[in-house]
Amino acid sequence: MRLSLSTLEGYLTPLANGLNRWRLMRWKGLLPAIAALEPELQALSDAQLRKRSLSVRYRAKSGVPLTRLLVEAYALVREAGRRTINMRHFDVQILGGIAMFHHSIVEMQTGEGKTLAATLPMYLHALAGRGCHLATVNDYLARRDAEWMRPIYECLGLTVGVIETKMPQSQRRKEYACDVTYGTAKEFGFDFLRDRLLLRRIAEGQGDLLGGMLAQTAAAQNNEKPVQGEPHFALVDEADSILIDEARTPLIISALPSEEERLAIASYKWSASVIPEFVDEEDYDYDHEKKTVELTREGRQKVRTLPKPPEMDTVGMVEIYQYVERAILVDREYHLDRQYVVRDGEIVIVDEFTGRLAEGRKWRAGIHQAVEAKQGVEVTVETGQAARVTVQDFFLRYEHLAGMTGTAMGSARELRRIYRCHVLPIPTNRPAIRRRLPTRVFGSEGAKWEAIVDEVRELHALGRPILIGTRSIDRSEQLSERLNAAGIEHHVLNANHIEAEAEIVARAGLPGRVTVSTNMAGRGTDIKLGDGIADLGGLQVICTEMHDASRIDRQLIGRCGRQGDPGTYRQYLALDDDLLLAGLGPKKAVKLEERGEASPGPFDSFGRLFRKAQRIVERRHFRQRRSLMYFEKERKKAQRQMGQDPYLDTPGS
Ligand SMILES: Nc1ncnc2c1ncn2[C@@H]1O[C@H](COP(=O)(O)OP(=O)(O)OP(=O)(O)O)[C@@H](O)[C@H]1O
Ligand SMILES: [Mg+2]
């Protein structure tokens with residue numbers, strides 16, 4: 001019999017599950033030994049505890065294998081947690097910590113305390129040397145977690161660094177020199193690339209003697225050395241988001257612009273500045289359907305006569321026409337807060353389907369640069385020399401990789417295959433008492449929104465806090481209008497300010513709060529219930545649509561019922577939801593839509609159909625990622641064979 005890959009997976013999955021159970025059992029066996037050290041460590045003074053930690057570190061540095069130090073190290077971290085921030089690691093957190101030390105991606109439910117569990121493998125790996133990085137999804141979480149956990153590390157004589165988006169190189173170097181460093185996956189990747197470009201500049205200089213000396217002196221003068229150091233251990237928080245959803249995002253940075261690029265920048269800026277001079281149908285023809293703009297004779301005449309900066313003297317007139325046409329197109333078609341937002345002086349594309357920011361993604365054919373010029377932010381030309389790495393490749397470079405998230409099991413196969421990490425579910429500390437309320441399905445969006453507003457009104461009257469998740473900024477705003485019309489006070493978040501948002505979400509558990517957010521805003525945010533809220537039933541989460549991946553839905557749902565708190569959630573769906581079209585195809589989707597138009601519903605029995613559509617979309621995305629990965633692998637192989645650095649590229653390659 002021929003063994004196909006899927007039958008093989010069919011055999012492997014139960015095998016993997018069996019192995020997982022065996023691993024967990026073996027690691028559970030370490031818990032008593034860790035607990036046995038507690039009384040002894042509790043009796044130590046702070047100074048003595050630190051000394052004990054440094055002696056473990058000394059042993060690690062002199063070559064004792066870390067596995068043999070694990071019991072003592074974990075007992076030390078638990079004690080440090082207890083005495084500094086009054087959080088003693090639960091057994092399940094220790095278990096998760098052991099699994100992460102052994103290259104696992106652990107699934108610990110939302111709200112189980114992964115932040116605290118992470119300190120265990122971070123500490124143990126840091127004993128052996130530098131380069132221990134905790135990567136998460138946004139600056140807010142990186143800083144929050146580093147500051148929250150700092151007392152634990154410091155109590156044990158370790159230093160903690162945080163990398164943030166806008167941070168000078170000299171500061172970065174200091175943060176990386178700490179024993180453990182927190183930051184976003186993206187920033188870790190960019191630092192790797194900046195180092196790579198720097199090293200190449202220095203290496204290239206060494207080719208010819210004079211250039212080499214100049215490059216080296218310049219580097220020395222600017223105190224330019226790589227900032228990051230060796231990739232030793234990476235612990236990835238929100239692992240499914242980073243290692244799956246963002247895995248294909250290429251991180252790209254460019255070397256300093258050359259002469260040619262300076263011309264391009266000047267042209268983009270000039271074109272953006274002269275747009276108001278051009279009149280539709282007089283100076284140009286605009287076709288909204290085809291998304292094209294063409295200058296008329298009058299328009300071209302205008303381009304020629306308008307004064308231009310001296311940098312543009314050498315740019316050809318035909319090229320300048322194109323710059324102006326592109327600038328007009330961008331002015332007509334690309335709008336702030338719709339297709340993009342401006343964050344930290346950068347254009348970030350908004351994915352219109354999900355309302356999420358597609359960080360790192362760029363429009364092609366000069367559109368991105370034209371948008372940058374229009375918004376007056378720095379124009380980032382496609383420079384000759386650039387360095388690129390995908391999030392996936394970046395993390396595969398680490399000697400040790402582990403991860404944690406509330407939602408990984410659905411992607412276990414993918415994670416195992418790509419990252420060679422096993423995915424392990426860790427039991428909860430206290431049984432979760434989050435309750436699912438029956439899903440409600442309506443004929444159309446309109447009927448759905450009405451029902452949602454009705455439910456919000458009822459719960460709000462009782463003083464229960466409510467968190468409502470939507471799939472896009474647009475829909476958040478629609479809902480907000482309806483809530484305003486119903487006189488319900490609420491807070492709306494869209495993807496503009498992750499930090500302020502995370503703080504608003506964190507307060508979503510206070511009495512009577514109504515919070516509307518896109519699904520993404522919630523990830524990782526801890527929501528504590530206000531006084532008396534638990535007695536009312538806790539936070540209620542309302543999902544207004546299903547997302548392309550069930551993991552994302554579960555992240556939102558995971559904002560309630562944390563740490564054994566009560567909480568409820570309900571999904572509202574409609575027969576004209578985007579998901580049905582994406583999953584079931586236009587034929588079926590149209591039929592369903594027609595049915596929905598004929599009657600407002602309810603169609604609660606259709607709930608299963610949505611899950612089916614979701615599974616189809618999930619599988620499709622998985623296949624897409626798999627083939628992209630394959631092509632990327634081939635590309636790198638070819639580049640290596642040609643003796644080129646796969647992370648550095650030149651135009652045309
Ligand atoms: N050992 C502990 N003792 C007391 N409180 C704890 C302990 N561990 C975690 N907590 C509490 O649990 C809550 C959730 O923690 P945390 O935000 O780290 O969860 P999480 O697993 O990262 O959730 P998410 O998946 O949403 O990111 C926090 O309020 C934290 O104080
Ligand atoms: Mg978390």
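# Exercises on a predicted model

L19, W22 and M25 together make a nonpolar surface patch of about 350 Å². The model in which this patch appears is a predicted one, and the exercises below work through the patch and several other features.

## Exercise 1: The nonpolar patch

Task: Place W22 within the secondary structure and decide whether W22 is buried, partly exposed or exposed.

Solution. Begin with the secondary structure, where W22 belongs to helix α1, which spans residues 5-28. Next take the relative accessibility of W22, which is 47%. Since the class called exposed begins over 50% and buried means under 20%, W22 counts as partly exposed. The residue that joins L19 and M25 in the nonpolar patch is therefore a partly exposed one.

## Exercise 2: One glutamate and two arginines

Task: Find which residues form salt bridges with E79, and work out how these residues are spaced along the helix.

Solution. In the first step, look at the side chains of E79 and R82, which meet in a salt bridge with an N to O distance of 2.9 Å. In the second step, turn to R83, which also forms a salt bridge with E79, the closest N and O atoms here being 2.8 Å apart. Side chains of opposite charge can pair when their charged atoms come close.

The spacing comes next. E79 and R82 are three residues apart in helix α5 (residues 66-85), and they are therefore separated by about one helical turn. E79 and R83, both in helix α5 as well, lie four residues apart, again about one turn of the helix.

The last step concerns accessibility. E79 is buried, because its relative accessible area is 2%, whereas R82, at 31% relative accessibility, counts as partly exposed. R83 is likewise partly exposed, with a relative accessible area of 23%.

## Exercise 3: A salt bridge in helix α8

Task: Describe the salt bridge between E154 and R150 and the spacing of the two residues.

Solution. The closest N and O atoms of E154 and R150 are 3.4 Å apart, a value that satisfies the limit of within 4 Å for a salt bridge. Because the two residues stand four residues apart in helix α8, about one helical turn separates them. E154 is partly exposed, with a relative accessible area of 38%. For the whole model, the count comes to 38 salt bridges.

## Exercise 4: A network and an enclosed helix

Task: State which residues are linked in a network with R551, and explain why helix α23 is described as largely enclosed.

Solution. Start from the network of salt bridges, in which R551 is linked with E238, D240, D245 and R523. Then turn to helix α23 (residues 550-557), of whose eight residues seven are buried, so that the helix is largely enclosed by the rest of the structure. The buried residues of α23 are S550, R551, I552, D553, Q555, L556 and I557. R551 thus appears both in the salt-bridge network and among the buried residues of α23.

## Exercise 5: Charged patches on the surface

Task: Identify the residues of the positive and the negative surface patch, and name the helix that gives the largest share of the positive one.

Solution. For the positive patch, R413, R615, R619, R620, R623 and R626 gather on the surface. Helix α25 (residues 607-641) provides the largest share of this patch, namely five residues. R626 is found in that helix and, at 33% relative accessibility, counts as partly exposed.

For the negative patch, D337, D474, E477 and E481 come together on the surface. E477 lies in helix α20, residues 473-485, and is partly exposed, with a relative accessible area of 39%.

## Exercise 6: Positive phi outside glycine

Task: For N86 and R420, give the phi value, the place in the structure and the accessibility class.

Solution. Most residues other than glycine have a negative phi. N86 nevertheless has a positive phi, near 60°, and its place is in the loop between α5 and α6 (91-101). At 67% relative accessibility, N86 counts as exposed.

R420, which is not a glycine either, has a positive phi of about 50°. The place of R420 is in the loop between α18 (412-419) and β14 (422-425), and with 64% relative accessibility R420 counts as exposed.

Methods: Residues are numbered from 1 along each chain as its sequence is written. Chains are lettered from A and ligands numbered from 1 in the order in which they are written. This is a predicted model: local features need pLDDT of at least 70, side-chain atom pairs count only at pLDDT 80 or more; totals for chains, interfaces and linings use all residues. Side-chain values use heavy atoms; hydrogens and water are left out. Patches are made of residues with over 30% relative accessible area and no salt bridge: like charges are joined within 9 Å, nonpolar side chains (Val, Leu, Ile, Met, Phe, Trp, Tyr) within 5 Å. Accessible areas come from the Shrake-Rupley method with a 1.4 Å probe; for residues, only the protein chains shown count as cover. Lys and Arg count as positive and Asp and Glu as negative; His and the chain ends are not counted. The place of a charge is taken as NZ of Lys, CZ of Arg, CG of Asp or CD of Glu. Buried means under 20% relative accessible area, exposed over 50%, partly exposed in between (1.4 Å probe, protein chains only).
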